[in-house]
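Welcome to a short set of exercises with worked solutions. Take a look at the sequence and the coordinates, try each task yourself, and then compare your steps with ours.

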Amino acid sequence: MIRVGTVNIDTSHPMGFAEVMEKSNRARYVGIYNDSFRDDEEVAGFMRRFGVEKRCQTVAELADMCDIGFIQGCDWDKHLEYAQPFFDRKKPVFIDKPIVGNLKDCKRVEQLVREGCVILGSSSARYAFEIQEFMSIPVEQRGEIVQVFGTSGVDEFNYGIHIVELAGGLLGTGVEFVKFIGRSHAGDSYCESYYVQFRNGKSFIYNVFTGTWQPFVITIMTTKTTYQFKIDSNRLYEALIDQICNYMEGKKNQLVPVQNILESVCIMLAGISSREKNGLPIKLEDLKDTDPCFDGKQFWDTYSAAAGPMYKLL
């Protein structure tokens, strides 16, 4: 049994992941460290519901008692700080999406990997069963992918990163530039569109709808035909946890190098930089630490203020 320690339970992910773990009986949460907005009653409810052994007073204490750490707070600017005690103990860390939100932290993650740290992540959508099934079709049958179009909703980065990582699961890496296309709106809700050009000639257009939940819908144009499907959100957590467990058990898995995940972040950083520059194409190689980024603390403030109780009655 894989022993998992979680740092914070801000979102619904810890509960969703724990329910999948119960069904598969391959892993379980054994410890928790919480210093975020979920109060003691919620921590107690989470522990009671999923049989968590211990509430730890430090992340280091948590890292000592588990096989892998799950960093699950919604302030992505603190993810690497929370992960460090696991790195110090040579233990792998899963960092929930978005892994980080600025170029400086992307560079720090790259350095940590060079130093031998194991970082897994980040979006469950990248490993969706629908993506796995599509990619299992021989290229000779489905055709070579030429262009991908994807939709997402809720918010710009915390949720929008899902659709960009999902496209990464189809197209891989090698983005040349990103260009902001424009914005549509209806009342307080608005949708922004971005064009992503790959060096091999392929492309991706993603839409981020802010203010309303939207399904992940993917359209894939190949050299033979066009495919379209909606991702079943009820199966996303299972797809991700399966891959993490496979890795921990030394089995074949589809987890991608962290550099692939960081490219998804850089795509979105280039996107907002292009937006700030009225649609000027922004090459990923030209991104700078001083360019616009996604503020984790600001998102934490907004999310925590709107979040209702989730775990206390479990």
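Before you start, please keep in mind that this is a predicted model.

**Exercise 1. Work out the strand order of the six-stranded sheet, and find which helix packs on it through β1, β2 and β3.**

Solution.

Step 1. Reading across the open sheet gives the order β3-β2-β1-β4-β5-β6, and the pairing is parallel.

Step 2. The two edges are β3, residues 54-55, and β6, residues 119-120; each of these strands pairs on one side only.

Step 3. Now take the β6 edge. Strand β5, which covers residues 93-95, runs parallel to β6 and is joined to it by two bridges. For Val93, the bridge partner in β6 is Ile119.

Step 4. The helix is α2, residues 40-50, which packs on the sheet and touches β1 (2-7), β2 (27-33) and β3. The direction of α2 makes about 160 degrees with that of β2.

**Exercise 2. Do the same for the seven-stranded sheet, and say which strands Phe177 faces.**

Solution.

Step 1. This open sheet has mixed pairing, with the order β12-β11-β7-β10-β9-β8-β13. At its edges lie β12 (226-230) and β13, each pairing on one side only.

Step 2. α10 packs on this sheet, where it touches β8, β9, β10 and β13, and its direction makes about 60 degrees with that of β8.

Step 3. Strand β7 pairs with β11 (residues 217-222) in the antiparallel sense, over six bridges. Across that pairing, Val148 stands opposite Ile220 in β11.

Step 4. Next, β8 (residues 175-186) runs antiparallel to β9, and 10 bridges join them. Together β8 and β9 make a hairpin with two residues between them, and Gly187 in the turn has a positive phi of about 65 degrees.

Step 5. β8 is also joined to β13 (residues 282-283) by two bridges, again with an antiparallel run. Phe177 therefore has a partner to name in each neighbour by the bridge pairing: Gln197 is its bridge partner in β9, and Lys283 stands opposite Phe177 in β13.

**Exercise 3. Describe helix α5: its span, its start, its buried residues and what follows its end.**

Solution.

Step 1. Helix α5 covers residues 103-114, which is 12 residues. From first C-alpha to last it reaches 17 Å, close to the 16 Å expected at 1.5 Å a residue.

Step 2. At the start of α5, look at Asn102: one of its side-chain oxygens comes to within 3.2 Å of the backbone nitrogen of Lys104.

Step 3. The buried residues of α5 are Leu103, Asp105, Cys106, Val109 and Leu112. These buried residues pack against α4 (79-88), β6 and α10.

Step 4. Just after α5 comes Gly116, with a positive phi of about 105 degrees.

**Exercise 4. The structure holds 19 salt bridges. Locate the partners of Lys312, Lys202 and Arg275, and classify each residue as buried or partly exposed.**

Solution.

Step 1. Lys312 pairs with Asp39, with 3.7 Å between the closest N and O atoms. Lys312 lies in the segment after α11 (296-306) and Asp39 in the loop between β2 and α2, so the pair, 273 residues apart, links distant parts of the chain. Lys312 counts as partly exposed because its relative accessibility is 25%, and Asp39 is partly exposed at 34%.

Step 2. Lys202 pairs with Glu144, and here the closest N and O atoms are 3.7 Å apart. Lys202 sits in the loop between β9 (189-198) and β10 (203-210), while Glu144 sits in the loop between α7 (139-142) and β7 (145-152), 58 residues apart. Lys202 counts as buried because its relative accessibility is 18%, under the 20% cut-off. Glu144, at 45%, is partly exposed.

Step 3. Arg275 pairs with Glu156, the closest N and O atoms being 2.6 Å apart. Arg275 belongs to helix α10 (residues 258-276), and Glu156 to the loop between β7 and α8 (160-171), 119 residues apart. Arg275 has a relative accessible area of 23% and is partly exposed; Glu156, at 22%, is partly exposed as well.

**Exercise 5. Which residues are linked with Arg26 in a network of salt bridges?**

Solution. Starting from Arg26, the network takes in Asp242, Glu249 and Lys251.

Conventions:
Residues numbered from 1 in each chain as written. Predicted model: local features only at pLDDT ≥ 70, side-chain atom pairs only at ≥ 80, totals over all residues. Heavy atoms only, no water. Helix = DSSP H or I, 4+ residues; strand = E, 2+ residues; numbered from the N terminus. Contact = heavy atoms within 4.5 Å. Axes fitted to C-alpha atoms, helices over the stretch in contact; angles between N-to-C directions. Salt bridge = Lys/Arg side-chain N within 4 Å of Asp/Glu carboxyl O. Buried < 20%, exposed > 50% of the residue type's maximum accessible area, 1.4 Å probe, protein only. Expected span 1.5 Å × (residues − 1). Polar contact = N/O pair within 3.5 Å; in protein donor to acceptor, adjacent residues only side chain to side chain.
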